[in-house]
Amino acid sequence: MTTPEVPTAAPAPALEPTAEPAPTRHTRVDLTGEAADLLRRLTDRHGRLMFHQSGGCCDGSSPMCFPLGDFLTGDSDVHLGDLVVDGIPDVPFWMSVSQYEYWKHTHLTVDVVKGRGSGFSVEAPEGVRFLIRSRLMTEEELRAFGLL
C-alpha cells in the first residue's frame, strides 16, 4: 500500500535583513547653500579656509573667515566642527571659549548677506559678509553633545 503524497507548502522566502537606519549626524555649525558657494570661490582665491567667531562687539562678533592658519587658535578657543562643502577641503569653525559659554545650547548656521562688514575677513572685498543665524538645539541634539 502506498502512502498518498501530502502537498507541502512552498518554503517561505528568506527574509532580507532590514537595513539599520543610518545614525543621525549632529552638528553644532552648518552653512547655507549661498555660503557654500562663496566658500568655494574664496577657496579658489585664498586656499584652505577657516572661521573664527569671537566675542567682540559690532563686527567683532561676526564670523571671520581667514586663510587656514592665519588666525592662531589656542586654549581660549573651542573647535565647534568642520563645515563640509562639496569640492573643497572641510572648513574648521572655531569660537572663543567665552563666546561658547553663551552659545553652547544653540545650533549655528553660517549665511552670507549683501553689504560689507569691517575687519579682515576674506569675503569683505566681495561686497558681502558672513553672518550667523542661530536656533536653540533640540533635546536630541543637546543629548548628543552632552549638554543634558
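This passage walks through the fold of the protein and then turns to strand β5 and its partners.

The model is a predicted one. Its 148 residues, of which 35% are buried, are built around three helices and seven strands. Read from the N terminus, the order of elements is β-α-β-β-β-β-α-β-β-α. So much for the parts list; next comes how the chain packs against itself. Taking the contacts with a separation of 6 or more, 58% link residues that sit 24 or more positions apart. As for the outside, the accessible surface adds up to about 9600 Å², and carbon and sulfur atoms supply 55% of that area.

Strand β5, spanning residues 91–96, deserves a closer look. Five of its six residues are buried, so the strand is largely enclosed by the rest of the structure. Here "buried" stands for a relative accessible area under 20%.

Which strands pair with β5, and in what sense? One of them is β2 (residues 49–53), which lines up parallel to β5 through three bridges. Another is β4 (residues 77–83), which runs antiparallel to β5 and is joined to it by six bridges.

At the level of single residues, F93 of β5 is a handy landmark. On the β2 pairing, F51 stands opposite F93. On the β4 pairing, G81 is the residue set opposite F93. Put together, F93 has F51 facing it in one pairing and G81 facing it in the other, within a strand that has five of its six residues buried.

Methods:
Residues numbered from 1 in each chain as written. Predicted model: local features only at pLDDT ≥ 70, side-chain atom pairs only at ≥ 80, totals over all residues. Heavy atoms only, no water. Helix = DSSP H or I, 4+ residues; strand = E, 2+ residues; numbered from the N terminus. Buried < 20%, exposed > 50% of the residue type's maximum accessible area, 1.4 Å probe, protein only. Contact = heavy atoms within 4.5 Å. Areas by Shrake-Rupley, 256 points an atom, 1.4 Å probe, with all protein chains shown as cover. Pairing = 2+ DSSP bridges.
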